[in-house]
Amino acid sequence: MIQRVTGDGRLVPLGQRDRGPEPRQDRSTRANRGRRWMKLRAQILARDPVCKSCNRAASQQVDHIKPLAQGGDDSYANLQGLCIPCHQAKTANEAKPTERVERTSLGGTVVRHNPWETR
Ligand SMILES: [Zn+2]
């Protein structure tokens, strides 16, 4: 089969329309990421047996120091072991990258600036 190289380095059979890069969110990719993540997670928890935030509780979850949504990656340098309360507190602040909306007891909403964004 004759193939041609597209501008971003992929091979497309000659005469076939280039449908663009494979979607990154397809199911097989997600399954692969799951297996890879489980292994990585075990390695980080072995490296950081004690929570990196409070330095007291045992690490039970692996946190992205810089969230994936903000351009972080799965490298060892960007991962740390946290206890569950510390991880929950951190991810709660990362739920929205730019702003955080909270419901008040009166039913209105307040927008809080995300403290992680300015770090
Ligand atoms: Zn902790």
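How many helices and strands are there in the protein? In this predicted model the protein has two helices and six strands, and, when read along the sequence, these elements follow the pattern β-β-α-β-β-α-β-β.

Before turning to particular residues, it helps to consider confidence. The average pLDDT of the protein is 81, and 72% of the residues score at least 70. Confidence is highest in strand β4, with a mean of 98, and lowest in strand β5 (residues 99-103), where the mean is 55. Where pLDDT is low, the predicted coordinates should not be read in detail.

Strand β4, then, is a suitable place to begin. Strand β3 (residues 61-64) and β4 run antiparallel and are joined by four bridges, and across this pairing Gln 61 stands opposite Leu 82 in β4. In a regular strand the side chains alternate between the two faces of the sheet. In β4 (residues 79-82) both faces are covered, since Leu 79 and Gly 81 on one side are buried, as are Gln 80 and Leu 82 on the other. In the protein as a whole, buried residues make up 8% of the 119 residues.

Asp 18 offers another kind of setting, for this residue lies in the loop between β2 (11-13) and α1 (27-47). Asp 18 counts as exposed because it has 12 C-beta neighbours inside 10 Å, and a residue with 12 or fewer is classed that way. Leaving aside residues up to four places away in sequence, Asp 18 touches Thr 6 and Val 12. The C-alpha atoms of Asp 18 and Arg 4, which are 14 residues apart along the chain, are separated by 10.0 Å.

Definitions and conventions:
Residues are numbered from 1 along each chain as its sequence is written. This is a predicted model: local features need pLDDT of at least 70, side-chain atom pairs count only at pLDDT 80 or more; totals for chains, interfaces and linings use all residues. A residue is buried if 20 or more other C-beta atoms lie within 10 Å of its own, exposed if 12 or fewer, and partly exposed in between; C-beta atoms are placed from the backbone. Two strands pair if DSSP finds at least two bridges between them. pLDDT is the predictor's confidence in each residue, from 0 to 100. Two residues are in contact if their C-beta atoms, placed from the backbone, lie within 7 Å.
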